[in-house]
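This briefing addresses surface character, helix packing and aromatic pairing in one protein chain. Please consult the sequence and the structure alongside the text.

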Amino acid sequence: MTTTTPPLAHPSQRARSTSLSFGGVLRSEWIKLRSLRSTTWSYLIVIAISLGMALVMSLSMASGLNGGVDASAMPAADQVSLVVQSSVFGVFFGQLVAGVLGVLVISGEYSTGMIRSTLTAVPKRLPALAAKAVVLFVATFVIGLLANIGAFFVSSVVFAGIDVSASIADSAVFLPLLGGALYLALVAVFALGVGTMIRSSAGGIATVLGLLLLLPMVLQMIPAEWAHDLIPYLLSSAGMNLFTSTTAEPTADGFGVWLNLLIVLAWVGASIAGAAVLLKRRDA
């Protein structure tokens, strides 16, 4: 009697059948991101904050001008500045929501144990972190841009009552809206790196909010010149100047858009680099 031995799969065939391409990792992370309730609520809050703050700010500024100087006679640049200021005002509060979401995207997997499945599917680990960062950046940027554009139209409606107007096609309008969305996306990726390093929702959120809010306040209260000199290099300071600066190049009054962008990217790069190192070294 003879027995038939089933052919064994070649090791390379097994590797090909179980390997996951980076595109597959991206799709997986996108599914996880949009299936989280925290994602939906966070993005809805960002939109609500942008629209609400734009309404409040524009009403306040319009009422201050009403009955005073002839707003319609203001130079076009001043009119644009008023509309832009009220349109991006919500980014200051939206950065906090983006930071919380960035931490929850990774800390939630550690708290539920899903991170083990993620790292089993992507044993090299770093592609999983990169995919999370890409998906989170793109989604937050799109939502932030939509929120800022919506805030612009809300502000435009209010300012139209006092004959102040601005065109969204104007680079002085659209670029700040774009910069505000970019900053929100970069804050989310920065928080992702912090959450990966700390692996705790509470600890990660406290760290991110502390860096965004508390650290600038602490440095301002220190009666030393070196402390005040550090403030422009903080993530939140450079980030806010990213879309409120009026010049692209450094001037006597500030760093300009490009240098502020480099400072923000340095913070994000340091966070992701630390996350990558610890993710490779530590067990899940």
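The points below are grouped by topic.

The model is a predicted one. A nonpolar patch lies on its surface, helix α11 is mostly covered, and a search of the whole structure finds six aromatic pairs.

**Nonpolar surface patch**

- Phe-22, Val-134, Val-138, Val-142 and Leu-146 make up a nonpolar patch on the surface. Together these residues have about 420 Å² of accessible area.
- Helix α7, which spans residues 126-160, supplies the largest share of the patch, namely four residues.
- Val-134 is one of the patch residues and is found in helix α7. Its relative accessibility is 39%, so Val-134 counts as partly exposed.
- An α-helix has 3.6 residues a turn, so residues three or four places apart point the same way.

**Packing of helix α11**

- Helix α11 covers residues 235-244, and eight of its 10 residues are buried.
- The buried residues of α11 are Leu-235, Ser-236, Ser-237, Ala-238, Gly-239, Met-240, Leu-242 and Phe-243.
- These buried residues pack against four helices: α5 (91-112), α8 (171-198), α9 (201-221) and α12 (257-281).

**Aromatic pairs**

- Among the six aromatic pairs found in the whole structure is that of Phe-137 and Phe-141, whose ring centres are 6.3 Å apart. Because the planes of these two rings stand at 10 degrees, under the 30 degrees cut-off, the pair is stacked.
- Both Phe-137 and Phe-141 lie in helix α7, four residues apart, which is about one turn of the helix.
- Phe-137 has a relative accessibility of 27% and therefore counts as partly exposed. Phe-141, at 22% relative accessibility, also counts as partly exposed.
- Phe-190 and Trp-267 form an edge-to-face pair, with 6.2 Å from centre to centre and 75 degrees between the planes.
- This pair links distant parts of the chain: Phe-190 is in helix α8 and Trp-267 is in helix α12, 77 residues apart.
- The relative accessible area of Phe-190 is 4%, so this residue is buried. Trp-267, by contrast, is partly exposed, with a relative accessible area of 24%.
- Phe-89, Phe-92 and Phe-93 are linked into a cluster by ring pairs.

**Elements that recur**

- Helix α7 contributes four residues to the nonpolar patch and also holds the stacked rings of Phe-137 and Phe-141.
- Helices α8 and α12 are among those that the buried residues of α11 pack against, and the pair of Phe-190 and Trp-267 joins these two helices.

Note on methods. Residues are numbered from 1 along each chain as its sequence is written. This is a predicted model: local features need pLDDT of at least 70, side-chain atom pairs count only at pLDDT 80 or more; totals for chains, interfaces and linings use all residues. Side-chain values use heavy atoms; hydrogens and water are left out. Patches are made of residues with over 30% relative accessible area and no salt bridge: like charges are joined within 9 Å, nonpolar side chains (Val, Leu, Ile, Met, Phe, Trp, Tyr) within 5 Å. Accessible areas come from the Shrake-Rupley method with a 1.4 Å probe; for residues, only the protein chains shown count as cover. A salt bridge is a side-chain nitrogen of Lys or Arg within 4 Å of a carboxyl oxygen of Asp or Glu. Buried means under 20% relative accessible area, exposed over 50%, partly exposed in between (1.4 Å probe, protein chains only). Contact means heavy atoms within 4.5 Å. Rings of Phe, Tyr and Trp (its six-membered ring) pair if their centres lie within 6.5 Å; planes under 30 degrees apart count as stacked, over 60 as edge-to-face and the rest as tilted.
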